[in-house]
Amino acid sequence: MANNHEEAANVMAFDALYTTNQIQKLKVLLPYIEPSMQKNMAVYIKYMELQYTMHYVRRHPFQISGCSISDSQKPDLQSLCLQLSLYSSPEEIRQLEQFRNMLQTMETVQEMSQTLSALQEIFPDMAASSPFEGNASNEPDSGSGITGPGSFSMMDMLMNMLSPEQKEMFEMFQQQNLEP
C-alpha cells in the first residue's frame, strides 16, 4: 500500500511542477460550478496547464531533476510494470503481469546459468553441458551429467528447482540459442 502511495506521489509531483496555484484553485472550484459549465471549465483548465507547461519548458530547457535514470543505472522493468498497472485497464494489467513473469523467468534462467558455470568451475570433472551450448555433438544431453556410476546431472538438479512455467520458458530460450 505504501508503494502505491509513493507512485501516486510521483504523479502528483509531476502535475504540481506543471501547474500554478491559480490553476489548482480552478480545479478545486470545478465541482461547485454550474453543471452545464463544468465541461467548458475543464477544457479551459487543461488549456491553461498546456500554456503554462509550454512556457515553463521554454524558460527551463534543462532536464527535470529525478525524471530520468543515469546511463549506468539499469531500469527496473518489474517496478515499472507495477507503476503502470496503477493506471491500466484489467487487460493491460494482465499483459503487464505476463511481462513481469517473463522477466522473472529470464532472471531465473540467468541465475541458473551462472550457478551452473560456477559449479562447473568448482567441480571441473562434471560433464554437464551448459544449458545454452549443448554437448560437442550438438545432441541433447543423455542426462548422465557426471561420468561414473551413481552420478547425477547438475542441470537436472537445477531444472527440478523451476516451476513448470519456468521450465517451459527455459526450454524455449535453450531451443532459440541452439538454432543456427
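**Exercise 1. The fold in outline**

In what order do the elements of the chain run from the N terminus on? Then work out how the chain is buried and how its contacts are spread.

*Solution.* Keep in mind that this is a predicted model.

- Step 1: Read along from the N terminus, and the elements come as α-α-α-α-α-α-α.
- Step 2: Tally them by kind, which gives seven helices and zero strands.
- Step 3: Turn to burial. The chain has 180 residues, and 22% of them count as buried.
- Step 4: Look at the surface. The accessible area of the chain is about 13,500 Å², and carbon and sulfur atoms hold 57% of that.
- Step 5: Take the contacts with a separation of 6 or more; 48% of these join residues 24 or more positions apart.

**Exercise 2. The packing of H4 and H5**

Find how helix H4 is oriented relative to H5, and list what makes the contact.

*Solution.* Two packed helices are described by the angle between their axes and by the distance between those axes.

- Step 1: Helix H4 covers residues 77-85, and its axis lies 10 Å from that of H5, at an angle of about 170°.
- Step 2: Angles over 145 degrees count as roughly antiparallel, so H4 is roughly antiparallel to H5.
- Step 3: On the H4 side, the contact is made by Leu77, Gln78, Cys81, Leu82, Leu84 and Ser85. H5 brings Ile93, Leu96, Phe99, Arg100, Leu103, Gln104 and Glu107.
- Step 4: Sort these residues by class, and you get eight nonpolar, three polar and two charged.
- Step 5: Pick out Phe99, which sits in helix H5. Leaving out residues up to four places away in sequence, Phe99 touches Leu77 and Cys81. The C-alpha atoms of Phe99 and Gln78 are 8.3 Å apart, although 21 residues separate the pair in sequence.
- Step 6: Classify Phe99 by its accessibility. Its relative accessible area is 34%, so Phe99 is partly exposed.

**Exercise 3. The nonpolar cores**

Identify the residues of the largest nonpolar core and the helices that supply them.

*Solution.* In soluble globular proteins, nonpolar side chains tend to be buried together.

- Step 1: The largest nonpolar core has 10 residues, namely Val109, Met112, Leu116, Met155, Leu158, Met159, Leu162, Met169, Phe170 and Phe173.
- Step 2: Map them onto the helices: H5 (90-122), H6 (154-159) and H7 (164-178) each give at least two residues to this core.
- Step 3: Look elsewhere, too. A second, separate core has five residues, among them Ile23, Leu26, Met41 and Ile45.
- Step 4: Check one member of the largest core, Phe173, which lies in helix H7. Phe173 has 16% relative accessibility and therefore counts as buried.
- Step 5: Trace Phe173 across to Met106. They are 67 residues apart along the chain, yet 8.8 Å separates their C-alpha atoms.

**Exercise 4. Thr105 and Glu168**

Is Thr105 buried or exposed, and is Glu168 buried or exposed? Locate both residues and their separation.

*Solution.*

- Step 1: Place them: Thr105 is in helix H5, while Glu168 is in helix H7.
- Step 2: Thr105 has a relative accessible area of 7%, so Thr105 is buried.
- Step 3: Glu168 reaches 57% relative accessibility, and therefore counts as exposed.
- Step 4: Compare sequence with space. Glu168 and Thr105 are 63 residues apart in sequence, with 9.7 Å from C-alpha to C-alpha.
- Step 5: Find what Thr105 is in contact with. Setting aside neighbours within four places in sequence, Thr105 meets Gln166 and Met169; Met169 belongs to the largest nonpolar core as well.

Key:
Residues are numbered from 1 along each chain as its sequence is written. This is a predicted model: local features need pLDDT of at least 70, side-chain atom pairs count only at pLDDT 80 or more; totals for chains, interfaces and linings use all residues. Side-chain values use heavy atoms; hydrogens and water are left out. A nonpolar core is a set of buried Ala, Val, Leu, Ile, Met, Phe, Trp, Tyr and Cys residues joined through side-chain atoms within 4.5 Å. Buried means under 20% relative accessible area, exposed over 50%, partly exposed in between (1.4 Å probe, protein chains only). Helices (H or I, at least four residues) and strands (E, at least two) are DSSP runs, numbered from the N terminus. Axes are lines fitted to C-alpha atoms, for helices over the stretch in contact, and angles run from 0 to 180 degrees between N-to-C directions. Angles under 35 degrees count as roughly parallel, over 145 as roughly antiparallel, 65 to 115 as roughly perpendicular and the rest as oblique. Contact means heavy atoms within 4.5 Å. Ala, Val, Leu, Ile, Met, Phe, Trp, Tyr, Cys and Pro count as nonpolar, Asp, Glu, Lys and Arg as charged, and the others, Gly among them, as polar. Accessible areas come from the Shrake-Rupley method with a 1.4 Å probe; for residues, only the protein chains shown count as cover.
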